[in-house]
Amino acid sequence: MIIYNVTYQVAHDLLDAWRSWLSTSRIPAMQETGLISSHRIFQLLDQDETEGLTYVVQYHLNDLESFRVFERRFPRLRKEPVPEAFFPRCMAFQTVMSESK
């Protein structure tokens with residue numbers, strides 16, 4: 001299994017708009033690729049919350065080839081994990097992980 005992990009730091013005043021965008025736009029767009037088998041959302045605890053809250057969204061793919069297909073066919077989803085209108089009050093970084101056995 002491959003996990004495409006996006007970590008977001010979201011300003012307090014943007015949380016409602018970010019949550020709405022995530023549930024009505026981002027996650028549906030990711031699922032529509034047909035390559036995402038499931039997703040999970042986590043809030044990081046014990047973080048400095050002065051600037052906002054930190055969340056992790058994990059998108060699960062079957063294998064590395066599925067992730068490569070995602071990168072080739074949906075580059076905008078990969079390169080733009082945050083709407084420009086949210087920047088700089090919402091920042092994101094991405095990682096790709098494989099399940100260790």
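The largest nonpolar core of this predicted model has 27 residues. Within this core, the residues with the most contacts are Y8, W18 and Y59. Two or more residues each are given to the core by strand 1, helix 1, strand 3 and helix 2. Helix 1 supplies the largest share, six residues. In soluble globular proteins, nonpolar side chains tend to be buried together.

W18 offers a view of the surroundings of one of these core residues. Leaving aside neighbours within four places in sequence, W18 is in contact with Y8, V10, Y55, F86 and C90. Y8 thus appears among the contacts of W18, and Y8 is itself one of the residues with the most contacts inside the core.

The sheet comes next. Four strands form an open sheet, and their order is 2-3-1-4. The pairing is antiparallel. Strand 2 and strand 4 are the edge strands, and each pairs on one side only. From one strand to the next, the twist averages 20 degrees. Strands of a sheet pair through backbone hydrogen bonds, either parallel or antiparallel.

Strand 1 pairs with strand 3 in the antiparallel sense, over nine bridges. Two positions illustrate this pairing. V10 has L53 of strand 3 as its bridge partner. I3 stands opposite H60, also in strand 3. Strand 1 also pairs with strand 4, again in the antiparallel sense and over nine bridges. Here V6 stands opposite Q94 of strand 4. Strand 1 is mostly covered, with eight of its nine residues buried.

Strand 3 holds T54. T54 counts as buried because its relative accessible area is 10%, and buried means under 20%. Leaving aside neighbours within four places in sequence, the residues in contact with T54 are T7, Y8, Q9, F42, Q43, L44 and Q47. Y8 is thus in contact with T54 as well as with W18.

Helix 1 spans residues 15-32 and has 18 residues. From its first C-alpha to its last, helix 1 reaches 24 Å, close to the 26 Å expected at 1.5 Å a residue. At L22, helix 1 bends by about 45 degrees. Just after helix 1, G34 takes a positive phi of about 80 degrees.

Helix 1 packs on the sheet and touches strand 1, strand 2, strand 3 and strand 4. The direction of helix 1 makes about 10 degrees with that of strand 3. Buried residues of helix 1 are L15, W18, W21, L22, R26, I27 and M30. L22, where the helix bends, is thus among the buried residues. The cover over these residues includes strand 1 (2-10), strand 2 (38-43), strand 3 (53-61) and strand 4 (90-98). Helix 2 (64-73) and helix 3 (75-79) are also included in that cover.

Helix 2 lies across strand 1, strand 3 and strand 4. Helix 2 runs at about 55 degrees to strand 1. Helix 2 is also one of the elements that give two or more residues to the largest nonpolar core.

Definitions and conventions. Residues numbered from 1 in each chain as written. Predicted model: local features only at pLDDT ≥ 70, side-chain atom pairs only at ≥ 80, totals over all residues. Heavy atoms only, no water. Expected span 1.5 Å × (residues − 1). Bend = angle between axes of the 7 residues up to and from the residue. Buried < 20%, exposed > 50% of the residue type's maximum accessible area, 1.4 Å probe, protein only. Contact = heavy atoms within 4.5 Å. Pairing = 2+ DSSP bridges. Axes fitted to C-alpha atoms, helices over the stretch in contact; angles between N-to-C directions. Core = buried A, V, L, I, M, F, W, Y, C linked by side-chain atoms within 4.5 Å.
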